[in-house]
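Below are a few points I noted while going through this model, set out in the order in which I would raise them with a colleague.

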Amino acid sequence: RRPAAARRELRRPGHVPHGQTHAPRVGLPHVWGWARDSGLLPADVYLRHCLLAMRKLGGVAERSFLHDTTLVDRRTTLSEYLAGGARERVMAVRPPESMAERFGG
């Protein structure tokens, strides 16, 4: 459950739900609700950041992230997506210099 302060914040007039704040800046109206057949794929730089974080956690967390997280089609797991040739491209992407420390260099 969310703390009371967080629940109040969600009801605050003008509040923009998490995940919708930055989407318009990159040309997306929102990040949720895409159709299964939209073809939307994870951003390589952000997926790399997530993969590095899960690698640090290891074990069950890493396996769950890879095998239980699906793409927008809700069928293809991250593991399958990465095995299809995306892993090398994703891991080769480097974050912008301004975010390199935050995104694991």
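**Notes on the predicted model**

1. In this predicted model, D73 is buried and yet has no salt bridge, since the nearest side chain of opposite charge, that of R75, is 4.7 Å away, whereas a salt bridge would need a side-chain nitrogen within 4 Å of a carboxyl oxygen.

2. What does the side chain of D73 make a polar contact with? The partner is the side chain of T76, at 2.6 Å. As for its place in the chain, D73 lies in the loop that runs between α3, residues 59-68, and α4, residues 78-92.

3. Turning to the helix before that loop, α3 packs against α2, which spans residues 44-57, at an angle of about 150° and with the two axes 6 Å apart. Because angles over 145 degrees count as roughly antiparallel, α2 is described as roughly antiparallel to α3.

4. The contact between these two helices is made on the α2 side by L47, C50, L51, M54, R55 and L57, and on the α3 side by G59, A61, E62, F65 and L66.

5. For the protein chain as a whole, there are four helices and zero strands, and the elements run α-α-α-α from the N terminus on. Buried residues make up 23% of the 105 residues, and D73 is buried.

6. Lastly, on contacts along the sequence, 52% of those between residues at least 6 apart join residues that are at least 24 apart.

Notes
Residues numbered from 1 in each chain as written. Predicted model: local features only at pLDDT ≥ 70, side-chain atom pairs only at ≥ 80, totals over all residues. Heavy atoms only, no water. Buried < 20%, exposed > 50% of the residue type's maximum accessible area, 1.4 Å probe, protein only. Lys, Arg positive; Asp, Glu negative; His and termini not counted. Polar contact = N/O pair within 3.5 Å; in protein donor to acceptor, adjacent residues only side chain to side chain. Axes fitted to C-alpha atoms, helices over the stretch in contact; angles between N-to-C directions. Parallel < 35°, antiparallel > 145°, perpendicular 65-115°, else oblique. Contact = heavy atoms within 4.5 Å.
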